Amino acid sequence: MSLFLTVTLNGLTVAALYFLVAVGFTLIFGLMRSVNLAHGSLYLLGGYLGYQVGEWSGSWYLAVLAGALIVAVLGMAMHLFFLDWMQGEDLRQALVSIGLSVVIADLLLARFGSLTLQFQPPEFLQHSVELPLIGAYPLLRLNLLLVALAIGILLWLGLHRTRFGVAIRAGVDDREMLSALGINTSRLFVLVFAVGAALAGLSGVLGGTVLSVSPGEDARYLLSSLVVTIVGGMGSIVGAAVGAVLVGLVEQWGLAYLPTYAYMLIYVLMTGVLALRPAGLFGRKA
C-alpha cells in the first residue's frame, strides 16, 4: 500500500507538470487551431534560459520569471513572423514549426552541451514532509501540485468569466465576425500565443527543478502534450487537467508495475478514449 500510494502521488506530481505544458499547447493548438509542433522546444528553451539566468543571478525566482517572460516574447515572435500568416494551412504550419524546433534544439545543444542540468530550489522547498502511509515526501513536488492547480483555476476563470475570454472563444468560432465588431483579432491571438508560450517556459524551469532538463526532452513533452490534449479534448482546460492526471497516473503505475510496457500503456489509454469519444473526454465536435 505504501508503494502504491507513493507511486500514485508521483503520478499526480508528474501530471501537474504535464498539465502546465499541455494547457499552453491546448490554448495554441486546441483553441486557436494553430499547429505549433515547436511547443516542446519552448519548454526546453525556458528550462535552459531559466538555468542560465539562475546561474548569473543566484535567484531561483528570477530564473522562473525569465523562463516564462523570455519564452513568451519569443513565442509571440514565432507566431507573428511564421505561423499567423499561415492560419488554416495546417501542413505548412506543422512543417515550419518542426523546422523551428530543430533549429532551437541545435542552438541549445551548441550552447549548453549534452549535460543534464538541475535547478537549485529555494531553501524552504528542499525539505520533506511526513505523509500518512507514505513517509517522507519532497515538499517541492507537493508545491508543484499547488502551482498547477492555481494556474488551472486562473486560466479557467479568465477564459470563461472575463470579456477577454469571451472574445477569445468567439474568435475561435467566427474570427471574421469578431473582427467586424471592431476587435483586433490578430492582437488577441498574439496574446493567447504568448500565454501558451509563457506556460511552456515556466514549465521548463519547474520541470528542471523537480526533475532535470536535458537535450531530447522537447520531443518527450511535445508528445505528452499531444496525448494529454487528445485524451482531454482540444481547447478544454478541464480536459487538459483530466488528461494530464490520467496520463501521469498510467505512466507512473506502468513504470512501477509493468516497466516494459509503461509507455505503451499511455497510447492504449489514448486509443481507448478515442474509440469511445473521438473528440476527447471534454472536447466538442468541430
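Let's start inside helix α4, with L108, which is found there. Is L108 buried or exposed? Its relative accessibility is 6%, so L108 counts as buried. Now look along the chain to S214. L108 and S214 are 106 residues apart in sequence. Their C-alpha atoms are separated by 9.8 Å.

One point before I go on. This is a predicted model. Please keep that in mind throughout.

Stay with α4 for a moment. Helix α4 covers residues 90–112. Its partner here is helix α3, residues 60–83. Packed helices first, in general terms. Two packed helices are described by the angle between their axes and the distance between the axes. For this pair, the axes come within 11 Å. They cross at roughly 135°. How do we class that angle? Angles of 65 to 115 degrees count as roughly perpendicular, and angles over 145 as roughly antiparallel. The value for α3 and α4 falls into neither class, so α3 is oblique to α4. And the handedness? The crossing of α3 and α4 is right-handed.

Next, a second helix pair. Helix α9 spans residues 217–232. It packs with α11, which spans 262–276. The angle is about 30°. The axes are 9 Å apart. Angles under 35 degrees count as roughly parallel, so α9 is roughly parallel to α11. Which hand does this crossing have? α9 passes α11 in a left-handed crossing.

While we are on α9, find T229. T229 sits in that helix. Its relative accessibility is 3%, so T229 is buried. Now locate V23. T229 and V23 are 206 residues apart in sequence. In space, C-alpha to C-alpha, they are 8.0 Å apart.

Here is another pair to set beside that one. F164 is in helix α6, residues 163–173. With 40% relative accessibility, F164 counts as partly exposed. Pair it with M78. The two are 86 residues apart along the sequence. From C-alpha to C-alpha, F164 and M78 are 22 Å apart.

On to the strands. β1 runs over 128–131, and β2 over 135–138. S128 lies in β1. Its relative accessibility is 48%, so S128 counts as partly exposed. What is the C-alpha separation between S128 and P138? It is 4.3 Å, with their positions 10 residues apart along the chain.

Between those two strands there is a loop, and L133 is in it. This residue deserves a stop. L133 is not a glycine, although it has a positive phi of about 70°. Is L133 buried or exposed? Anything over 50% relative accessible area counts as exposed. L133 has 62%, so it is exposed.

L133 also takes us to the surface. It is one of the residues in a nonpolar surface patch of about 1,100 Å². Who else is there? From the start of the chain, M1, L3 and F4 join in. Further along come W253, Y257, L258, Y261, M264 and V268. Which elements give two or more residues to the patch? They are α1, α10 and α11. For orientation, α1 is 2–31 and α10 is 237–257. Note α11 in that list. We met that helix packing with α9.

Last, charges. How many salt bridges does a search of the whole structure find? One. The side chains that meet are those of E89 and R92. The N to O distance is 3.4 Å. How covered are the two partners? E89 has a relative accessible area of 33%, so E89 is partly exposed. R92 stands at 40%, so R92 counts as partly exposed too.

Let me recap. We have an oblique pair, α3 and α4. We have a roughly parallel pair, α9 and α11. There is a nonpolar patch of about 1,100 Å² that includes L133. And there is one salt bridge. Thanks, and over to the structure on the screen.

Note on methods:
Residues are numbered from 1 along each chain as its sequence is written. This is a predicted model: local features need pLDDT of at least 70, side-chain atom pairs count only at pLDDT 80 or more; totals for chains, interfaces and linings use all residues. Side-chain values use heavy atoms; hydrogens and water are left out. Patches are made of residues with over 30% relative accessible area and no salt bridge: like charges are joined within 9 Å, nonpolar side chains (Val, Leu, Ile, Met, Phe, Trp, Tyr) within 5 Å. Accessible areas come from the Shrake-Rupley method with a 1.4 Å probe; for residues, only the protein chains shown count as cover. A salt bridge is a side-chain nitrogen of Lys or Arg within 4 Å of a carboxyl oxygen of Asp or Glu. Helices (H or I, at least four residues) and strands (E, at least two) are DSSP runs, numbered from the N terminus. Axes are lines fitted to C-alpha atoms, for helices over the stretch in contact, and angles run from 0 to 180 degrees between N-to-C directions. A crossing is left-handed if the near helix is turned anticlockwise from the far one by less than a right angle, and right-handed if clockwise. Buried means under 20% relative accessible area, exposed over 50%, partly exposed in between (1.4 Å probe, protein chains only).
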